[in-house]
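Let's take a friendly walk through a protein chain together. We will begin with the whole chain and then visit a few residues one by one.

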Amino acid sequence: MIIEKSFKTIGQFILRYGLAIVFIWLGWLKFKNSEADYLKDILKNSALFAWMLKYVTAYTFSLIVAYLQLAVGILLLLKPVSKKLSLIGGLIAVVILTLSVTTLFTSDYVWQAGYGFPELSKVGQSMLKDLILLGAAAWCVGDSV
């Protein structure tokens, strides 16, 4: 019983604060031109997002995502201070990660060239983790309600 409770507590701590660290870290990386180039390739090959490049540059989009990810990470960290702010961060994280997971199914860029499903490209492999992060974000929402 003690072991079960300990692992559950540790797991919950890692889910929330690990997710916050991931959002902050990845948000910080979005300020780099290399991330903008990476996002541009993903956007232009996505049936869902290709239209955005007509209205904003990849670097501008990367900056928007950067600030959003930093805000989400900080909001998730605030649960001990404000469950409401943490709930908002969790909801935004769910939306962001749902869009990312959707890209797995709407972009040819995530599949290994010449092979298709189920062979993921490096981009697809990096996006696959978002399924787990989506679960963590959903848990954070439930935990903050």
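The chain has 6 helices and 0 strands. If you follow the elements from the N terminus on, they run α-α-α-α-α-α. Keep in mind that this is a predicted model.

**The whole chain**

How far does the C-alpha trace of the chain span along its principal axes? The answer is about 50 × 30 × 25 Å. The chain has 145 residues, and 34% of them count as buried. Now look at the contacts in the chain with a separation of 6 or more: residues 24 or more positions apart account for 68% of these.

The outside can be described too. The chain has an accessible surface of about 9000 Å², and carbon and sulfur atoms hold 71% of that surface. As for charge, there are 13 positive and 8 negative side chains in the chain. The centres of these two sets lie 9 Å apart.

**The salt bridges**

How many salt bridges does the structure hold? There are 3, and here they are with the distance between the N and O atoms.

| Positive partner | Negative partner | N to O distance |
|---|---|---|
| R16 | D143 | 3.1 Å |
| K79 | D143 | 3.2 Å |
| K129 | D130 | 3.0 Å |

Start with R16 and D143, which form a salt bridge. This pair links distant parts of the chain, since R16 is in helix α1 (residues 2–29) and D143 is in helix α6 (residues 130–144), 127 residues apart. Are these two partners buried or exposed? With a relative accessible area of 2%, R16 is buried. D143 is partly exposed, and its relative accessible area is 25%.

The side chain of D143 also meets that of K79 in a salt bridge. Here, too, distant parts of the chain are linked: K79 is in the loop between α3 and α4 (83–106), D143 is in helix α6, and 64 residues separate them. K79 has a relative accessible area of 22%, so this residue is partly exposed.

The remaining pair to visit is K129 and D130, joined by a salt bridge. K129 counts as partly exposed because its relative accessibility is 40%. D130, at 7% relative accessibility, counts as buried. Which residues are joined into one network by salt bridges that share partners? They are R16, K79 and D143.

**A close look at A66**

Our last stop is a residue in a helix. You can find A66 in helix α3 (residues 58–77). Is A66 buried or exposed? Its relative accessible area is 0%, so A66 is buried.

Which residues is A66 in contact with, once its neighbours within four places in sequence are left aside? They are G27, K30 and F31. The residue L29 gives another way to see how the chain folds back in space: A66 and L29 are 37 residues apart in sequence, while their C-alpha atoms are 7.5 Å apart.

**Looking back**

To retrace the route, try finding three things in the picture: the 6 helices of the chain, the network of R16, K79 and D143, and the buried residue A66.

Technical notes. Residues are numbered from 1 along each chain as its sequence is written. This is a predicted model: local features need pLDDT of at least 70, side-chain atom pairs count only at pLDDT 80 or more; totals for chains, interfaces and linings use all residues. Side-chain values use heavy atoms; hydrogens and water are left out. Helices (H or I, at least four residues) and strands (E, at least two) are DSSP runs, numbered from the N terminus. Buried means under 20% relative accessible area, exposed over 50%, partly exposed in between (1.4 Å probe, protein chains only). Contact means heavy atoms within 4.5 Å. A salt bridge is a side-chain nitrogen of Lys or Arg within 4 Å of a carboxyl oxygen of Asp or Glu. Accessible areas come from the Shrake-Rupley method with a 1.4 Å probe; for residues, only the protein chains shown count as cover. Lys and Arg count as positive and Asp and Glu as negative; His and the chain ends are not counted. The place of a charge is taken as NZ of Lys, CZ of Arg, CG of Asp or CD of Glu.
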